[in-house]
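Reader: Hi! I'm in my first year and still learning how to read a protein model. Could you take a close look at one part with me and then show me around from there?

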Amino acid sequence: VVCRDGCIKAVGQADVIRNQFSGATFERIIDCSGKCVLPGLVDAHTHPVWAGDRVHEFAMKLAGASYMEIHQAGGGIHFTVEHTRKATEEELFSTFKHRLERMRRAGSTLVECKSGYGLNLETELKMLRVIERAKQSMDIGISSTYCGAHSVPKGKTATEATDDIINNHLPKLKELKLSGEIHVNNIDVFCEKGVFDLDSTRRILQAGKEMGLQINFHGDELHPMKSAELGAELGAQAISHLEEVSDEGIMAMARAKCAAVLLPTTAYMLRLKQPQARKMLEEGVVVALGSDFNPNAYCFSMPMVMHLACVNMKMSMNEALAAATINAAYALGKSDTHGSIETGKQGDLLIINSSRWEHLIYQFGGHEALIDYVIVKGKVIYQNERCGTM
């Protein structure tokens with residue numbers, strides 16, 4: 001039972017609920033006989049605001065080019081930055097809205113959304129305004145992330161870019177936060193060899209933390225950088241990627257209760273070593289999942305992400321579901337309100353047309369036919385037009 005305020009009022013056996021609410025009237029009753037009700041899915045890592053796709057780079061990757069080779073040839077992030085800088089705010093909002101709608105249809109009810117394809121203050125703010133508009137106008141939860149340190153801008157050194165972020169970007173963000181124009185939740189840095197080193201990463205994350213942002217950053221993806229150790233030391237809420245994390249880093253994250261946001265689509269598309277999900281789980285790390293939706297890893301679907309996590313990272317289906325719901329909510333600092341079906345939590349639900357929830361993972365790419373309803377705050381935001389006929 002979800003109340004008018006959008007929160008879950010009661011969960012329990014059908015006969016008990018019927019007795020408890022026998023005198024109540026409801027705006028809508030959904031018959032879920034033979035179906036499964038799950039928590040709305042949480043996508044803990046996306047880059048969904050950009051212009052200019054990189055389909056041509058997919059062909060380069062298939063021919064054997066590495067991520068960094070494409071990056072150094074002027075492709076990758078810099079290609080997208082060029083197009084995003086030229087795009088108007090309206091153009092960016094229109095495509096972003098369309099992408100969020102596709103994410104909702106695939107069952108995501110809370111999504112982390114990053115900036116990071118501006119690399120200058122003007123474009124980063126443009127992206128964050130687009131994210132803020134969607135927060136205010138769309139029926140989907142959004143956790144917004146400032147990721148101005150996604151790459152080193154052309155013509156600058158990493159130290160110069162770091163100084164610009166700390167001296168110009170973050171003070172402006174703080175000003176806009178105080179005026180109520182933009183509400184940013186997290187700060188992110190791409191800590192990587194040839195991008196931002198450990199010292200620059202520390203400086204930016206520390207500055208973000210001091211202005212009240214949660215630390216949630218890219219680390220140990222292509223090279224071992226000791227990012228996990230740094231994140232644990234700084235009190236990071238979450239670190240993403242971690243394909244090259246050290247054993248010491250895993251133990252440090254477990255002790256610090258720092259979530260690992262694993263991105264099986266990225267490892268799959270870039271043919272990287274898979275993150276050590278099993279070792280992390282065994283050491284007690286909170287393992288979450290994200291789609292890493294971006295021009296390099298074009299995947300909207302958390303059900304497909306869960307499937308890849310099970311097959312390629314050897315997670316069980318139970319572990320994958322937890323990683324895409326309650327643990328992903330934890331990685332965003334929202335596990336007290338999202339990620340599970342409990343009294344008092346937000347009424348974000350998924351109803352699938354199967355008597356076993358595992359079909360959501362088992363049917364690779366089958367979510368379009370399986371998902372009957374997506375519900376956010378007790379409101380049906382998507383109903384499959386074939387609902388009940390499959």
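Reader: Is Cys-191 buried or exposed, and what is its relative accessible area?

Author: Happy to look with you! Please keep in mind that this is a predicted model. Cys-191 is buried, and its relative accessible area is 0%. You might next wonder about a bonding partner for its sulfur. The closest cysteine sulfur belongs to Cys-147, and it lies 12 Å away, too far for a bond. A disulfide would need the two sulfur atoms within 2.5 Å. Cys-7 makes a nice companion case. Its sulfur is 8.1 Å from the closest cysteine sulfur, that of Cys-3, which is again too far for a bond. Cys-7 is partly exposed, at 26% relative accessibility, whereas Cys-191 is buried. For the structure as a whole, the count of disulfides is zero.

From here, let's see how some helices meet. Helix α7 spans residues 158-178 and helix α8 spans residues 198-210; their axes come within 10 Å and cross at roughly 5°. Angles under 35 degrees count as roughly parallel, and α7 and α8 are therefore roughly parallel to each other. On the α7 side, the contact is made by Ala-158, Thr-162, Asp-163, Ile-165, Ile-166 and Leu-170, while α8 brings Ser-200, Arg-203, Ile-204, Ala-207 and Gly-208. Sorted by class, this contact has six nonpolar, three polar and two charged residues.

Now set beside that the pair α5 (residues 89-105) and α6 (residues 121-137). Their axes also come within 10 Å, but here the crossing is at roughly 50°. These two helices are therefore oblique to each other, and α5 passes α6 in a right-handed crossing. Glu-89, Glu-90, Leu-92, Phe-93, Phe-96 and Leu-100 are the residues of α5 that take part, and they meet Lys-126, Arg-129, Val-130, Ile-131, Arg-133, Ala-134 and Ser-137 of α6. By class, the contact of α5 with α6 has seven nonpolar, one polar and five charged residues.

If you liked the buried cysteine, try helix α10, residues 247-256. Gly-249, Ile-250, Ala-252, Met-253 and Ala-254 are buried there. Their cover includes α9 (227-234), β7 (238-241), β8 (259-262) and α12 (277-283).

The backbone just after α10 is worth a pause too. Most residues other than glycine have a negative phi. Lys-257, just after α10, takes a positive phi of about 55°. Arg-271 has a positive phi of about 55° as well, although it is not a glycine. You will find Arg-271 in the loop between α11 (264-269) and α12, and it is exposed, with a relative accessible area of 60%. One further case is Lys-377, where phi is positive and near 50°. Lys-377 sits in the loop between β11 (371-376) and β12 (379-383).

Let's finish with Asn-312, in helix α13 (residues 302-313). Asn-312 is partly exposed, at 28% relative accessible area. Leaving aside neighbours within four places in sequence, Asn-312 is in contact with Tyr-268 and Gln-274. Its C-alpha atom is separated by 9.9 Å from that of Lys-273, a residue 39 places away along the chain.

Note on methods:
Residues numbered from 1 in each chain as written. Predicted model: local features only at pLDDT ≥ 70, side-chain atom pairs only at ≥ 80, totals over all residues. Heavy atoms only, no water. Axes fitted to C-alpha atoms, helices over the stretch in contact; angles between N-to-C directions. Helix = DSSP H or I, 4+ residues; strand = E, 2+ residues; numbered from the N terminus. Parallel < 35°, antiparallel > 145°, perpendicular 65-115°, else oblique. Left-handed = near helix turned anticlockwise from the far one by under 90°. Contact = heavy atoms within 4.5 Å. Nonpolar A, V, L, I, M, F, W, Y, C, P; charged D, E, K, R; others polar. Buried < 20%, exposed > 50% of the residue type's maximum accessible area, 1.4 Å probe, protein only.
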